[in-house]
Amino acid sequence: MTAPSRPPSVDTLARSLSASGLPHPILVDIARAAIDAGDVESAPARADAFRRTLLTPVVNATGVLLHTNLGRAPLAHHQDAAAQTVEFDLASGQRGSRQAAVGQLFARLCGAEAAMVVNNNASAVLLVVAALAAGRDVPVSRGESVEIGGSFRVPEVLQQSGARLVDVGTTNRTRLADYATAIDRSDVDAAIVLKVHPSNYRVEGFVEDTSVADLATLDVPVVADIGSGLIDAHCPWLPGAPPAWLAGEPAAVQTLADGADLVTFSGDKLLGGPQAGIIVGRADLVDPCLRHPLARALRPGGLVLGALQQTALTYLDRRVVADIPFWKMVATPLADLRTRADDIVTAVVDRHPTARVEPSEALPGAGSAPGVTMPSVAVVVDGDVLEPLRRHSPPVIARSRDQRTALDMRAVDPSEDRVVIDALLGPR
Ligand SMILES: *Cc1c(COP(=O)(O)O)cnc(C)c1O
């Protein structure tokens with residue numbers, strides 16, 4: 001009988017994990033936890049588990065193009081470690097506005113007088129209502145008093161802004177006369193009318209809402225939260241007609257042309273840019289937003305401003321399909337997806353004899369265009385192989401149902417096909 005060997009020192013164990021690439025202080029924590037648990041052998045697995053908690057690029061084979069859990073719109077943006085004119089006016093050599101560069105581009109893109117950007121669309125709505133309606137009333141249709149994505153709830157945003165919500169109409173039908181009656185009430189001091197696009201659900205049947213064009217006939221400014229960030233309903237950047245699944249999705253250009261005084265939308269939904277909120281419309285309404293104290297708290301940094309500027313220039317240059325990954329995914333012909341899926345099946349069929357190509361339906365995602373799909377194809381294999389796919393480096397995120405796993409090709413870049421093949425083949 002030999003005496004049980006003494007556990008290694010924390011430092012020795014931590015050093016033995018250095019191939020994980022994790023920083024030494026983290027490895028020390030992991031080594032200590034393994035020793036404390038009396039399970040030294042588990043240290044490598046603990047290091048691996050930690051590494052998998054870090055932000056990691058993945059292949060999105062879910063068929064949900066703007067996957068909220070996967071960061072919505074993917075976007076490549078490179079920036080040198082150089083000083084940047086974030087708040088510097090090159091013409092005068094004086095301090096400039098952080099909002100000027102990107103603001104003028106989004107105003108031009110949407111056909112409006114002015115624009116500004118904040119961290120996300122929730123911030124945009126909060127800032128607009130705080131700047132234009134704090135201490136006053138904001139009529140909102142009962143059908144648009146919605147919750148979007150868990151924590152964006154219109155009544156709560158209004159409450160945080162210091163404005164008072166005035167319920168208008170009914171859950172399923174709200175007419176122009178309902179707004180007019182609310183505005184005319186002697187106890188109501190309406191600052192703006194807020195119209196919210198109920199992005200992530202659809203009410204069908206006996207429903208009616210009031211158009212922006214009708215709301216524009218009222219005596220108070222109309223703010224439209226369109227959410228998705230579709231710039232132009234005609235999608236002039238696409239080779240053909242706008243895809244059918246976009247019908248019914250409000251667009252910035254048309255909403256402003258219909259008479260909205262301000263429009264707000266997200267940067268990382270159908271726009272295809274970085275996470276941001278864009279406020280665009282009348283200069284005399286954007287101005288109080290720029291000057292409000294919350295604007296400072298909600299302002300984006302230079303990285304996001306740079307990515308937004310690049311996105312706006314891409315639209316103005318009509319390079320959208322080539323340079324904005326979301327629109328590239330949308331515009332890829334079905335035949336191309338099928339060819340690539342066939343090649344993947346050929347490459348993995350020895351390992352997965354039942355691998356096959358099946359028609360699939362992809363979703364825009366991020367709460368855009370609920371209930372609609374776009375045609376796609378998937379590589380399908382028998383069994384639930386989600387876990388091994390996630391374990392691959394880089395991980396591949398797919399979907400499984402009824403003991404079959406489907407890898408939808410529409411959100412997979414052609415440069416990632418090799419990764420999909422390797423992940424399906426598994427460790428050799
Ligand atoms: C998505 C959405 C929001 C929230 O936007 P974030 O950019 O996620 O903050 C607000 N309003 C509408 C209508 C939306 O669709």
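# Reading strands, sheets and a ligand site

User: Let's start small: which residue in β16 is the bridge partner of V379?

Analyst: In β16, V379 has L407 as its bridge partner. This is a predicted model, where local features need pLDDT of at least 70, side-chain atom pairs count only at pLDDT 80 or more, and totals for chains, interfaces and linings use all residues. Residues are numbered from 1 along each chain as its sequence is written, and side-chain values use heavy atoms, with hydrogens and water left out.

User: How do I read a pair of strands, and in which sense do β13 and β16 pair?

Analyst: Strands are DSSP runs of E with at least two residues, helices are runs of H or I with at least four, and both are numbered from the N terminus. Two strands pair if DSSP finds at least two bridges between them. Here β13 (residues 374–382) and β16 (residues 404–408) are antiparallel, with five bridges. Besides the V379 and L407 bridge, A378 is partnered by D408 in β16.

User: What about β15, and how many bridges join it to β16?

Analyst: Three bridges link β15 (residues 399–401) with β16, and these two strands run antiparallel. R399 sits opposite A406 of β16. The hairpin of β15 and β16 has two residues between its strands, and D402 takes a positive phi near 50° there.

User: Now zoom out: what is the strand order in the sheet with β16?

Analyst: It's an open sheet of five strands, ordered β2-β12-β13-β16-β15, and its pairing is mixed. At the edges are β2 (64–66) and β15, each pairing on one side only. For twist, fit axes to the C-alpha atoms and take angles from 0 to 180 degrees between N-to-C directions; here the average is 40° from one strand to the next.

User: Which strands make up the sheet with β9?

Analyst: That open sheet runs β3-β11-β10-β9-β8, five strands with mixed pairing. Its edge strands, β3 (114–118) and β8 (193–196), each have a single partner strand, so one side of each lacks a neighbour in the sheet. The average twist from strand to strand is 15°. Inside the sheet, β10 (residues 262–266) and β11 (residues 277–281) run antiparallel and share five bridges. One of these strands' pairings is F265 with I278 of β11.

User: Moving to the ligand, which residues are around it?

Analyst: A residue is near a molecule if one of its heavy atoms lies within 4 Å of it. Among the residues around this ligand are R72, N120, F152, H197, S199 and S266.

User: What polar contacts can I look for, say at D225?

Analyst: With a ligand, a polar contact is a pair of N or O atoms within 3.5 Å. A polar side-chain atom of D225 is 2.6 Å from a ligand nitrogen. At A122, a polar backbone atom is 2.8 Å from a ligand oxygen. K269 puts a polar side-chain atom 2.7 Å from an oxygen of the ligand.

User: How much of the ligand does the protein bury?

Analyst: Accessible areas come from the Shrake-Rupley method with a 1.4 Å probe. Taken alone, the ligand exposes 380 Å², and the protein buries 92% of that. Two elements give two or more residues to the ligand's shell: α5 (121–133) and β9 (222–227).

Terms used
A polar contact is a pair of N or O atoms within 3.5 Å; within protein, one must be able to donate a hydrogen and the other to accept it, and residues adjacent in sequence count only if both atoms are side-chain atoms.
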